[in-house]
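This report walks through one protein chain from its overall dimensions down to single residues. Please keep the structure open beside the text while reading.

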Amino acid sequence: MKTVPMKTVIVENTVCLNTGDAAILLAIRHILKAACPGELRFQVFDSQPTVASRLYPTQAYPDIEIRKLLAESIFKYPYDDNRLKNLAKPIYNRLALSALRHYGKSRALDETMFSAEDRRSLDMYRQADLVVTTGGTYLVENYNLERRLNQFRIDAIFGKDPVFFTQSLGPFDKDYNRRELKPAFDRSPLILLRDKRSHGHLDGLVDDPGKCHVVADSVFALADKKRIETLLAAGTPPAQTGRVGISVRHWNYVNDGANGMHRYMASIRDITTSLVRDHGKQVTFVSTCQGVPEYAHDDSKTARAIVAALDADVAAHVDVDAGFHTPEQLMELVKGFDFVVATRMHMMIMSLCVGVPVLPIAYEFKTRELAKRVGLADLLLDIDTVTPEEAGRKLAAFAADLDQLRTTTLAAVLEEHASAMSAADLVRPLLADASADVTGDGLPRRDEGAARLRNGDHEGERHRVA
């Protein structure tokens, strides 16, 4: 019997402190294992690897090694108002980019420019069979893209053209971003999009649109098919637990700023009050971004602010679960809810994956697109426009039609699961043809790209995957 050699896959640009992003990573792992008959090992390049390794230890995930994202380890970005220091950083970055192009040719240069850990990471890139840039929503112009662009420059230098796993991306209105992203998109052998809108945002940025495919969010690959099929076949609704989950978040880009957040939070308070008084529910606030002090986002803070303003009789039936949960733990917890009101999109997806209906609240177009796919477009609430009156009205409609909505949405989840898993067929030839020790001569127009590193305006500290 022929032995299938082990292959190494790099997954870059992850932010595993966000449980939704960690679910994307585990889903990519699940899909790639379905695509490859042999053993796979995953080298994950994350923004905060020390904390991520604590949350996802080797004992529990022996095939995953988490390391520092090279674009953040090798290059420097402005963090403060020290003008002189910030002026020096682009100069250093140009030197680092030049040293990367000569990596492996001079031990003295390598050891001068790169730490031992960085050199180990660079060697991993040289040996990798496949590079995947993680799925999610991080190539959008709400966020500074320079770290992502630098990572794609590193990929190109080492001849590793990344697969773009299932993304919501764009639109790209800034000339700089369009100019710098196009070579990365053109070099990629496969680009997976979560929605047709994202596919349209690639118009003019990809010479070969045939390699761009719209498939379901990768986390649907984690759906508990047996549980969902059992619920659909039962013919009668499951016994009520009397518990409902709510996921909230702070959103810097809501219409009307602070007033918009006040309106959103007032709407959630009205939903909570109605759940307790009108529907007799116990309410638990829980989300995908919480319980990790080192992470910039903690949805439990927003939840506590909402709960603090509830009437005492309502608050007595409400609690805030502020702890950290892995994707597996969160999906197990959600099984105990009759339904979930979800602002975080991956809270919505993970709930649906275990057969729990969801009333969604959109803060970006990705959730609107998903709501259409699973039959919830008419009930969707939008963070930019939601009012307490609309929230109460749609909650009442959702609760009144819960059994039919469960049937409709869970049938759609099975379709989403099949769509997410179809990515295995698309990536299988790439794993079959994968070869290590391939080095390229750098990103097309690389000298122009290096010159643009002078411009600190394109560097900043905001970045996210979600």
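What follows describes a predicted model, beginning with the whole chain and then turning to its two sheets and to selected residues.

## The chain as a whole

The protein chain contains 20 helices and 13 strands. Its radius of gyration is 23 Å, close to the 23 Å that the globule rule gives for 466 residues, so the protein chain is as compact as a globular protein of that length. Along its principal axes, the C-alpha trace of the protein chain spans about 70 × 65 × 45 Å.

Of the 466 residues in the protein chain, 58% are buried, and the protein chain exposes about 18,500 Å², of which carbon and sulfur atoms supply 50%. Among the contacts in the protein chain with a separation of 6 or more, 73% are made by residues 24 or more positions apart.

## The seven-stranded sheet

Seven strands, in the order 3-2-1-4-5-6-7, form an open sheet with parallel pairing. Its edges are strand 3 (64–68) and strand 7 (212–214), each of which pairs on one side only, and neighbouring strands of this sheet are turned by 20° against each other on average, direction ignored.

At one end of that order, strand 2 (residues 40–46) pairs with strand 3 in the parallel sense over five bridges, and the bridge partner of Asp46 in strand 3 is Lys68. Helix 7 (residues 146–157) lies across strand 1 (7–14), strand 4 (130–133) and strand 5 (163–167), and runs at about 155° to strand 1.

Leu193 has its place in strand 6 (residues 191–193) and is buried, with a relative accessible area of 0%. Leaving aside residues up to four places away in sequence, Leu193 touches a set of residues that includes Thr166, Gln167, Leu202, Cys212, His213 and Val214. Thr166 and Gln167 belong to the range of strand 5, residues 163–167, while Cys212, His213 and Val214 fall in strand 7 (212–214). Leu193 and Thr272, by contrast, are 79 residues apart in sequence and 34 Å apart in space, C-alpha to C-alpha.

## The six-stranded sheet

An open sheet of six strands has the order 10-9-8-11-12-13, again with parallel pairing; its edge strands are strand 10 (318–320) and strand 13, each pairing on one side only. Helix 11 (residues 257–277) lies across strand 8 (243–247), strand 9 (282–285), strand 10, strand 11 (339–342), strand 12 and strand 13, and runs at about 175° to strand 8.

The table gathers three of the strand pairs in this sheet, each with its number of bridges and one pair of bridge partners.

| Strand pair | Bridges | Bridge partners |
|---|---|---|
| Strand 8 and strand 11 | four bridges | Gly245 and Val340 |
| Strand 11 and strand 12 | three bridges | Ala342 and Pro360 |
| Strand 12 and strand 13 | two bridges | Ala362 and Asp382 |

In a regular strand the side chains alternate between the two faces of the sheet. In strand 11, Phe339 and Val341 point one way and Val340 and Ala342 the other way, and all of them are buried. Strand 12 (residues 358–362) is mostly covered, with five of its five residues buried: Val358, Pro360 and Ala362 point one way from strand 12, whereas Leu359 and Ile361 point the other way.

## Asp382 at the edge strand

Asp382 lies in strand 13 (residues 381–382), one of the edge strands of the six-stranded sheet. Is Asp382 buried or exposed in this position? With a relative accessible area of 15%, Asp382 is buried, because the cut-off for that term is under 20%.

Apart from residues up to four places away in sequence, Asp382 touches Ala362 and Arg368. Of these two contacts, Ala362 is the residue that stands opposite Asp382 in the strand pairing, and Ala362 is itself buried. A polar atom of the side chain of Asp382 also lies 2.8 Å from the backbone nitrogen of Asp384.

Technical notes: Residues numbered from 1 in each chain as written. Predicted model: local features only at pLDDT ≥ 70, side-chain atom pairs only at ≥ 80, totals over all residues. Heavy atoms only, no water. Buried < 20%, exposed > 50% of the residue type's maximum accessible area, 1.4 Å probe, protein only. Polar contact = N/O pair within 3.5 Å; in protein donor to acceptor, adjacent residues only side chain to side chain. Contact = heavy atoms within 4.5 Å. Pairing = 2+ DSSP bridges. Axes fitted to C-alpha atoms, helices over the stretch in contact; angles between N-to-C directions. Rg over C-alpha atoms; globule rule 2.2 N^0.38 Å. Areas by Shrake-Rupley, 256 points an atom, 1.4 Å probe, with all protein chains shown as cover.
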